[in-house]
Every structure is written in C-alpha cells, then in structure tokens.
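I opened this model to look up strand pairing and charged side-chain contacts. My notes follow in the order I took them.

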Amino acid sequence: MKQTVVVMAAFLVLTITSNAGICAELSLVLGPEELVEANSVDIAVPGYSVPSYVDWNNDGLKDLIIGGNDGKVRVYLNVGTESNPQFSAYFHAQSNGADLVRTGPGCMGCFPRVVYWDGDARKDLLIGRVEGYVEIFLNIGTDESPTFDGGTLLQEGPLGSKTNINVAGRATSCIVDWNNDDKKDMAIGALDGRIHLFINEGTDTEPDFLVETFAQEDGSDLYVPSNRSSPHVCDLDNDDKKDLLTGNTNGQLIFYRNVGTDAAPTFSGYVLVESDGVPIDLPGTPRSRPFVCDWTGDNYLDVLIGALDGNVHLYQGLPFLGDFEPDGDVDFFDFAVLGSAWRSTPNDDNWNSACDISDPKDGVIDELDLAIFTENWLASIK
C-alpha cells in the first residue's frame with residue numbers, strides 16, 4: 001500500500017501546479033536580526049565593523065574575525081560549540097610582533113578576510129584599505145596560531161609596469177574563483193559602487209593580476225545603489241551558479257542573481273534581502289558589509305553584517321518549506337519523507353509534523369501539503 005501511495009505522490013509531484021506556498025527563488029530566507037555578544041554583552045568594535053566567521057585556530061570551531069575603524073583586526077575565539085557559538089575575550093591579529101594596524105581617513109578602518117594565499121597551508125590575511133589599496137599579510141607563524149609579516153600591496157599590470165591595485169576608496173575584498181579555472185580571483189567593492197574584478201593570470205599559489213574589469217549588469221558596469229559596494233560571492237539560489245550579495249552606503253543587503261553561467265557571471269537587476277519579512281535597511285547610512293556563513297552548522301545560509309555602530313548584526317537562515325531532513329535544499333530525499341508520512345494524522349506512528357506544511361495546519365498530510373511541497377521543489381531545481 002505504501003509503495004502505491006509513493007508512486008501516486010510521485011506522479012502528483014510531476015503534474016500538480018498550485019499557487020500556494022511558492023518558494024522564493026532566493027534561498028536566503030532570513031529570520032529576525034540578532035546582535036552577536038561576547039561575555040553576554042553586544043560586541044562593539046570602534047565603528048564600521050567588518051565581520052567574518054572562520055576557524056582561526058584549527059580547533060574545529062569557527063571564530064569571529066572583525067575589522068574596526070581603529071584599523072585593527074580583532075579575533076574572538078569560539079569557546080562554545082558548533083551549534084551554539086559563544087565568545088569571550090578578544091585579541092588583535094599581530095604583524096611583526098605588534099598589533100596589525102591599517103588606518104586611513106574615512107568610514108572604514110580595515111577590511112580583513114582570511115585566505116590561503118601562497119600555497120604553504122598557513123592562513124594569511126587579506127586587508128582592504130580605506131584608500132582603495134589591497135594588502136596581503138603572509139603568515140609567518142603556524143596555521144593554528146597565525147601571525148603575519150609586514151604586508152605587501154597587491155599589484156596589477158604586465159610584468160615590468162605593474163602598479164598598486166587601487167579601487168579609489170573603500171576596498172572591500174572578496175576572494176573567489178570567478179571564472180572557474182581553479183585559481184583565486186578578486187571581486188572588490190569600492191566607494192564608487194562597482195564590483196572591481198581582478199582575474200588571476202598566474203597560478204593559484206602565485207597570483208598575477210594583469211588587468212582590472214568590472215562585474216556586468218545588462219551589458220554595462222554594475223553599480224550598487226547608494227555606492228560603497230561590499231561583495232560576497234556565492235550560490236544563493238541553489239542553481240549551481242555564483243551570485244552576488246552586497247552591502248551599500250544605506251545599510252541594505254542586495255542580491256543580484258547570476259543570469260549568465262558559473263564560469264562567466266553576469267547580472268540583471270536586484271532584490272533587497274529581507275529579515276523576518278522586512279527588507280534589511282539599517283538606520284541612517286551605516287555602510288553595510290556582509291559575510292555569508294553557516295552560523296550554527298545547520299546547513300542553512302546565515303549572514304553577518306558589519307556597520308557604523310560597530311556591532312555584528314546576525315541574520316540566521318530559516319528552514320525552507322519542504323526541507324524535511326534538513327540539509328539546506330528541497331530534493332527527492334525530502335519527497336521520500338513526505339511519501340512516508342502521506343495521509344497520516346497526529347495519531348499515526350508515521351506522523352511527521354514537519355510534513356504538515358499547509359496553512360492553516362489541518363492535522364492531516366494531504367494534497368495541499370503535497371502541492372506546497374511540489375512548488376518549493378520545482379522552484380529549487382530551476
């Protein structure tokens with residue numbers, strides 16, 4: 001009997017159409033804003049925070065790395081667990097035995113990102129600078145206990161006539177393999193609102209940047225509204241193509257879907273990302289600087305945003321309707337869970353309350369639940 005039900009449900013998945021519960025193409029469905037704490041107090045660096053979330057000391061737990069307007073890089077080690085991060089004291093990243101400091105005039109001290117730059121299996125530190133330069137600090141310590149050299153400004157141009165990379169203010173660096181050639185490239189936001197691209201023409205361990213280009217929107221240079229772009233590049237709609245998420249001067253979070261290919265991204269229009277059903281729009285002109293992560297190891301995308309107030313704003317990803325496992329997508333395995341619970345009620349042994357996704361809940365898993373699930377599954381495989 002159960003096999004017959006599953007086969008019937010499979011046929012319905014391929015044929016049912018419904019307007020109920022259609023899953024948004026953007027997979028970034030965020031809950032309410034939270035402020036990240038250390039020692040039960042909201043973290044607040046000295047203005048214009050720039051957060052990221054990586055395992056600094058190789059203990060299997062991700063840690064908070066935050067740039068501030070004082071030009072220093074704070075490291076908050078995770079003293080909690082993967083599913084419940086907790087932070088206490090911080091220390092500053094070190095350069096040649098002293099606090100690493102890169103300050104400049106304006107609304108950004110330094111923009112740090114942890115990278116593996118030169119192939120020695122030790123994490124390095126890439127710093128975007130307020131003047132528009134980008135500087136690499138190589139690790140002269142260990143991968144478990146990083147400490148860095150004095151820094152080197154990255155350059156572009158042909159051999160013999162290279163000049164320092166300079167995006168003319170507020171360099172917000174993102175390392176990504178833009179063209180899928182297995183070499184690290186750079187997508188850099190800037191005061192002008194464009195996404196400055198530097199494609200690596202060298203090797204992955206000895207990057208060489210020859211020319212500056214720009215991300216494209218409808219055949220022209222993409223300009224983020226209100227300027228001060230701050231990009232994070234990754235697949236945000238489960239179509240296996242890298243997309244663009246960026247902050248801006250006004251404190252919004254902006255999503256550009258890739259309408260090109262994964263190896264040649266291009267964009268056409270944007271949407272404002274919401275938190276708890278309302279577009280993210282931090283007060284004033286706080287210069288939002290996002291970082292996408294998995295905050296609690298639940299396979300859902302979360303976002304950290306730094307801003308003028310120096311806080312770390314956290315927006316945790318919400319489960320998608322139909323992701324019953326959960327694993328961050330809607331697929332055949334979720335359908336199998338639904339098939340197992342098909343036609344059950346709370347009094348049955350195979351009842352699975354997650355499968356009763358109709359609104360309002362009616363206490364039975366039926367065609368309406370299947371219709372909602374179908375729409376979300378089909379949307380997830382576009």
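Entry 1, strand pairing. I am working from a predicted model. I began with strand E11 (residues 124-129) and strand E12 (residues 134-137), which pair in the antiparallel sense over four bridges. I looked up one residue pair there: Leu125 has Phe137 in E12 as its bridge partner.

I then asked which sheet these strands belong to. Four strands form an open sheet, and its order is E10-E11-E12-E13, with antiparallel pairing. Strand E10 (110-115) and strand E13 (152-153) are the edge strands, each pairing on one side only.

Entry 2, salt bridges. How many salt bridges does the structure hold? I noted 14. I looked up several of them in turn.

Entry 3, Lys72 and Asp99. The side chains of these two residues, Lys72 and Asp99, meet in a salt bridge at 3.4 Å, N to O. I checked where the partners sit: Lys72 is in the loop between strand E5 (63-67) and strand E6 (73-78), and Asp99 is in strand E9 (residues 98-99). The pair is 27 residues apart and links distant parts of the chain. Buried or exposed? I found neither extreme for Lys72, which counts as partly exposed at 23% relative accessibility. Asp99 also counts as partly exposed, at 30% relative accessibility.

Entry 4, Asp120 and Arg122. I recorded a salt bridge between Asp120 and Arg122, with the closest N and O atoms 2.9 Å apart. Asp120 has 29% relative accessibility, so I list this residue as partly exposed. Arg122 has a relative accessible area of 27% and is partly exposed.

Entry 5, Arg257 and Asp237. Arg257 and Asp237 form a salt bridge in which the closest N and O atoms are 2.9 Å apart. Which parts does the pair tie together? Arg257 lies in the loop between strand E24 (254-256) and strand E25 (271-272), while Asp237 lies in the loop between strand E22 (230-234) and strand E23 (243-247), so the salt bridge ties together parts that are 20 residues apart in sequence. I looked up accessibility for both partners. Arg257 counts as partly exposed at 26% relative accessibility. Asp237 has a relative accessible area of 8%, and because buried means under 20%, I list Asp237 as buried.

Entry 6, a network. I last looked for salt bridges that join into a group. Arg102, Arg129, Glu131 and Glu135 are linked in a network of salt bridges. I checked two of these names against Entry 1: Arg129 falls within strand E11 (residues 124-129) and Glu135 within strand E12 (residues 134-137).

Methods: Residues numbered from 1 in each chain as written. Predicted model: local features only at pLDDT ≥ 70, side-chain atom pairs only at ≥ 80, totals over all residues. Heavy atoms only, no water. Pairing = 2+ DSSP bridges. Helix = DSSP H or I, 4+ residues; strand = E, 2+ residues; numbered from the N terminus. Buried < 20%, exposed > 50% of the residue type's maximum accessible area, 1.4 Å probe, protein only.
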